[in-house]
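Welcome! Here is a set of short exercises, each with a worked solution, to help you find your way around a new structure. Try each task yourself before reading on.

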Amino acid sequence: MTIPFYDRSLADSRDLIAELPALGYTDAWSAEVNGVDGFVPLAMAAEWAPEVRLGSAIVPVSTRGPGLLAMSAATLADLAPGRFVLGIGASSPAIVERWNAGEFVKPFARTRDTLRFLKRALAGEKVTEKYETFEIKGFRLERAPKSPPKIVLAALRPRMLRLAAEEADGAITNWLSPRDVPKIRAEIGPGTELIARLFVCVSTDTEKVRELGRRMLAGYLTVPVYAAFHDWLGRGEVLRPMHEAWAAGDRQAALKAIPDEVVDELIVHGDAATCRARIQEYVDNGLNTPVLAPIPGGEIPIAQAVRDLAPNRG
């Protein structure tokens with residue numbers, strides 16, 4: 001489950017987060033865009049739901065220094081020994097540069113270098129190393145975690161997917177359909193954990209969901225990394241009219257250009273039983289960890305959607 005929930009603040013999410021283990025949820029994953037940060041919700045969930053695994057999906061590698069990332073990860077690993085997973089990724093130019101005054105340069109290399117640094121730092125090593133994208137001089141955690149966290153990478157295309165398989169503990173992806181999973185699985189092999197956030201709207205009002213979905217998809221799929229991802233997945237031609245309208249500055253035309261079938265592929269919707277069956281399709285096709293993100297707009301409140309989608313209801 002994604003925490004906190006879209007319809008409430010972190011403070012107001014406490015009771016529902018505490019309910020997750022009894023509902024059968026195994027994991028709680030944060031996100032970090034322009035709302036809550038990626039670490040504080042997990043720190044609170046470590047106390048509120050001590051049974052679940054906690055993960056960040058994801059914290060960017062270019063909005064914090066490498067040492068600060070290591071300190072934050074070590075803190076969570078200490079709060080939740082053996083059940084914290086650090087998810088990191090390149091993020092996007094908007095988040096890194098326009099919102100955080102950073103530099104979005106060599107995203108693959110920066111992610112690779114940060115992964116390599118973090119593995120050493122979280123193991124308690126003193127790190128002095130000149131990486132391709134930064135240099136570290138004599139960093140050592142004051143208190144290294146007794147149980148270093150697993151590190152997973154946000155990965156959308158073959159090179160990053162292969163890095164996740166070869167040097168990290170798993171891969172995180174986003175905005176994919178069940179039929180896309182085997183292509184991603186082929187890049188990482190059978191033994192690498194594959195994690196994906198699935199946006200879910202429990203609603204039988206198909207047109208309303210599609211309207212909501214188009215707004216969400218336009219905001220993501222026009223970002224260059226996601227555009228390239230869906231080109232690779234085979235949606236380049238069907239999404240071309242959206243990209244052309246967006247590039248021309250016609251946002252309404254871009255929304256209208258997204259076909260119904262693309263929305264239906266990338267957003268899980270229907271009644272709760274239909275949604276659970278759709279989520280199972282992802283798992284059957286090779287997804288290890290579906291991270292649900294119930295979105296508002298359905299006929300039932302998000303809290304009820306969380307309960308209706310629960311693994312214990314299946």
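**Exercise 1. Inside helix H9**

Which residues of H9 are buried? Keep in mind as you look that this is a predicted model.

*Solution.*
- Step 1: Go along helix H9, which covers residues 224-233, and list the buried residues: Tyr 226, Ala 227, Ala 228, Phe 229, His 230, Trp 232 and Leu 233.
- Step 2: Seven of the ten residues of H9 are buried, so this helix is largely enclosed by the rest of the structure.
- Step 3: Now look for the surroundings. The buried residues of H9 pack against H6, S8, H7, helix H8 (206-221), helix H10 (236-247) and helix H12 (260-266).
- Step 4: Take one step past the end of the helix. Just after H9 comes Gly 234, with a positive phi of about 105 degrees.

**Exercise 2. Two helices that meet**

Find the angle at which helices H7 and H9 pack, and describe their contact.

*Solution.*
- Step 1: Two packed helices are described by the angle between their axes and by the distance between those axes.
- Step 2: For H7 (residues 181-188) and H9, the angle is about 95 degrees and the axes are 10 Å apart.
- Step 3: Angles of 65 to 115 degrees count as roughly perpendicular, and H7 and H9 are therefore roughly perpendicular to each other.
- Step 4: Pick out the residues that touch. H7 brings Lys 183, Ile 184 and Glu 187, while H9 brings Phe 229, Trp 232 and Leu 233.
- Step 5: Sort these residues by character: four are nonpolar, none is polar and two are charged.

**Exercise 3. What covers helix H6?**

Name the buried residues of H6 and some of the elements that cover them.

*Solution.*
- Step 1: Helix H6 spans residues 158-167, and its buried residues are Pro 158, Met 160, Leu 161, Leu 163 and Ala 164.
- Step 2: The cover over these residues includes two strands, S7 and S8 (170-174), and the helices H5 (107-122), H7 and H9.
- Step 3: Link this to the first exercise: H6 is among the elements that the buried residues of H9 pack against.

**Exercise 4. A pair of strands**

How many bridges join strand S9 to S11, and in which direction do the two run, parallel or antiparallel?

*Solution.*
- Step 1: Locate S9 at residues 193-202 and S11 at residues 289-294.
- Step 2: Six bridges join S9 and S11, and the two strands run parallel.
- Step 3: For one facing pair, look at Ile 195, which stands opposite Thr 289 in S11.
- Step 4: Check how covered S11 is. Five of its six residues are buried, making this strand mostly covered.

**Exercise 5. Unusual backbone spots**

Find two cis peptide bonds and two residues other than glycine with a positive phi.

*Solution.*
- Step 1: Recall that most residues other than glycine have a negative phi, and that most peptide bonds are trans.
- Step 2: One cis bond joins Ile 3 and Pro 4, with omega at about -10 degrees. Pro 4 lies in the segment before helix H1 (14-23).
- Step 3: Another cis bond joins Ala 57 and Ile 58, with omega at about 0 degrees. Ile 58 sits in the loop between strands S2 (53-56) and S3 (59-60).
- Step 4: Turn to phi. Ser 91 has a positive value near 70 degrees, and this residue is in the loop between strand S4 (84-89) and helix H4 (93-98).
- Step 5: Ala 101 also has a positive phi, of about 55 degrees. Ala 101 belongs to the loop between H4 and H5.

**Exercise 6. Buried or exposed?**

Decide whether Ala 101, Ala 144 and Gly 270 are buried, partly exposed or exposed.

*Solution.*
- Step 1: Use the cut-offs: buried is under 20% relative accessible area, exposed is over 50%, and partly exposed is in between.
- Step 2: Ala 101 has a relative accessible area of 73%, so this residue is exposed.
- Step 3: Ala 144 has 28% relative accessibility and therefore counts as partly exposed. Ala 144 lies in the loop between strands S6 (135-139) and S7 (150-154), in contact with Leu 122 and Gly 124 when neighbours within four places in sequence are left aside.
- Step 4: Gly 270, at 11%, counts as buried. Gly 270 is in strand S10 (residues 268-270).

Note on methods: Residues numbered from 1 in each chain as written. Predicted model: local features only at pLDDT ≥ 70, side-chain atom pairs only at ≥ 80, totals over all residues. Heavy atoms only, no water. Axes fitted to C-alpha atoms, helices over the stretch in contact; angles between N-to-C directions. Helix = DSSP H or I, 4+ residues; strand = E, 2+ residues; numbered from the N terminus. Parallel < 35°, antiparallel > 145°, perpendicular 65-115°, else oblique. Contact = heavy atoms within 4.5 Å. Nonpolar A, V, L, I, M, F, W, Y, C, P; charged D, E, K, R; others polar. Buried < 20%, exposed > 50% of the residue type's maximum accessible area, 1.4 Å probe, protein only. Pairing = 2+ DSSP bridges.
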